[in-house]
Amino acid sequence: MNTASFQNPNAFESPKPFEPFDDSPLAGVMTTARLLRAYLAEARFECLRMFRVLGFSIPFLVLPAALYLLFGVVLFGDAVRSDPATGKFLFAAFAVFGVMGPGMFGFGATIATEREQGLLTLKRALPAPAGSYLLAKLLMTMLFAFVVMATMIPAALLLGHLPLTFAQCARVTAINVLGSLPFCAIGLFIGTRVSGKAAIAFVNLIYVPMMHVSGLFYPLPKFLRAISPLWPSYHLQQLVFAAMGMTFYGKSAVHLAVLATVTAVLTALSIRRLARIG
Amino acid sequence: MGNEYWAELSGVKKRFGKIVALDGLDLQVRRGELFSVLGPNGAGKSTAVSLMLGLLRPDSGAARLFGKSPLLVEPRRQVGVMMQEVTLAPELRVREHIALVASYYPRPLTHEEAMAITNLSPLAARPYGKLSAGQKRQVQFTMAVCGRPKLLFLDEPSVGLDVRAREAMWAALRQLVRNGSSIVLTTHYLEEAESLSNRVAVLNKGRLIASGTVNEIRALVVRKHISCSTVLAADQIAAWPDVESVTRDQQRLQISTSNSEAVVRRLLAADSNLQELEVRRAGLAEAFTELTQEAA
């Protein structure tokens, strides 16, 4: 066996030999720079791959701005022009809607599927840096949220004639990008508990009622208004209102605390489950 | 002391509910060997490998990788893994999958180098989802070797490969072992284990029932096979002492016996024109069947 090689059946070029492995005492030691590169590579390929899944990226990236333009410009353009508060309400509604989807579906459905497909087990067996898999998904969702805002803000300024200052635009973007975290946590919680097929159903079971019962798109009747603070989207929307200088219910600090608590508790429960069961 | 072994299970017990998966198992993987872990379904092979990789924790006993806990990432940075049942992202290209796994290691090959070695370069830009089953295995193999690991865990590596690709993979494994790497192979292809292994462990019901070189395992089965062309009748030979079975395969007789020397002497005495005499020991497959049946 002196021509040891591993040949692709489609390729006939002469193979190169394997290099000997690293036998130094530092063989298992990563420099900080390399460790950082590993985290970045995981995030980069996660983003690349989710942008390439057109069934995921097109609806979640294009739909919020498209729906905002349909309602805020085409259908109710006249009402928005006479009352800018209506325009801001619609903008806030579709901006929050835009960050809910990537977080819940990007985490929930993909983690459930990848768990089933053995990918998480492989990552655990490989020396993937601690938490890189979840961190990559988190960054992917935040990037999606950023792109959603980057499409909605020009649409709102140029076509929706919304009177937003640069500072307000920056604040709304920052709040929405960070505001995707509690939805990631909900998705993660579902994705670590159910199968891939069931995850989509479970995510929808929360996503659809949350959209409507949290008062995202229209003022709720009084009896429903009492339960709207149960949904994270309600709190995020109030923060978006605050960032745009609109009147809002409650206190910003309370809304922030609710969103942070949802994120921390659900993430902790999910990580515990992943560590124990995988 | 654990450090002389690259991977080690000592006195490991593992239960899943009422099922005892491993019952006090001891296994050691040394430097520069291809070690095959064999056993029927449910014997505990996957559990043993999962414990060595830190995917499971033992109920009692200890698992060590390079003398350390396999739950730590440092020893796992010297390990490459190829799993049987894993689906990788179909949207990522071959080179991207390899670059990602290479990024986990301290001093890996570049993805170009890794693909050049495994002759995967022509497929570098192809999305993983568009590859054939065999090509996917080749990508997974490249992922397993791209970190320049000391120790490789390969679970059924040649499933789905055509004959040429499989032989090429075998050659690659032999070269890795010659370079000083060790390989832990779990396979159902006994022919694969027989062809590649320096050492074999046979598990059954969570226990080690035999271990040693392929020849040592084969020698555990005393039965040998004699084959010859003779005019003697099969039923006549079947009545001789120590003869277990006799079958006629066209002109040749196939005799199974636990005392080949005595039977050969008697055959030569009974038929002076006897030709094409061959005596061979039981193969690994036969030894495996016998060992696991005895233990059942």
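**View 1. The contact between chain A and chain B.** In this predicted model, the contact draws 42 residues from chain A and 52 residues from chain B. On the side of chain A that touches chain B, α1 (32–52) and α5 (119–125) of chain A each supply at least two residues, and the largest share, 8 residues, comes from α1(A). Sorted by class, the residues on this side of chain A are 24 nonpolar, 8 polar and 10 charged.

**View 2. Chain B as a whole.** Chain B contains 11 helices and 13 strands, and its C-alpha atoms fill a box of roughly 70 × 45 × 35 Å when the box is taken along the principal axes. Of the 296 residues in chain B, 47% are buried. Among the contacts in chain B with a separation of 6 or more, 66% are made by residues that stand 24 or more positions apart.

**View 3. The two domains of chain B and the place where they touch.** Chain B is divided into domain 1, which covers residues 2–218, and domain 2, which covers residues 222–295. The centres of these two domains of chain B, taken over C-alpha atoms, are separated by 38 Å. Even with separate centres, the domains do touch, as 13 residues of domain 1 of chain B are in contact with 10 residues of domain 2 of chain B. On the domain 1 side of this contact, the elements that give two or more residues are α7 (190–196), β8 (199–204), β9 (207–212) and α8 (214–219) of chain B. By class, that side of domain 1 of chain B has 9 nonpolar residues, 1 polar residue and 3 charged residues.

**View 4. The largest nonpolar core.** In soluble globular proteins, nonpolar side chains tend to be buried together. The largest nonpolar core in this model has 90 residues, and those touching the most other members are B:Ala48, B:Met52, B:Val81, B:Ile98, B:Leu173, B:Ile183 and B:Val184. Helix α6 of chain B, residues 163–178, gives the most to this core, with 8 residues. The core draws at least three residues from each of domain 1 (2–218) and domain 2 (222–295) of chain B.

**View 5. B:Leu173 and a second core.** When residues up to four places away in sequence are not counted, B:Leu173 touches B:Leu34, B:Ile183 and B:Leu196. Apart from the largest nonpolar core lies another core, of 63 residues, and its members include A:Tyr68, A:Ala95, A:Trp231 and A:Leu259.

Note on methods:
Residues numbered from 1 in each chain as written. Chains lettered and ligands numbered in written order. Predicted model: local features only at pLDDT ≥ 70, side-chain atom pairs only at ≥ 80, totals over all residues. Domains from an automatic or database assignment. Contact = placed C-beta atoms within 7 Å. Helix = DSSP H or I, 4+ residues; strand = E, 2+ residues; numbered from the N terminus. Nonpolar A, V, L, I, M, F, W, Y, C, P; charged D, E, K, R; others polar. Buried ≥ 20, exposed ≤ 12 C-beta atoms within 10 Å, placed from the backbone. Core = buried A, V, L, I, M, F, W, Y, C linked by C-beta atoms within 7 Å.
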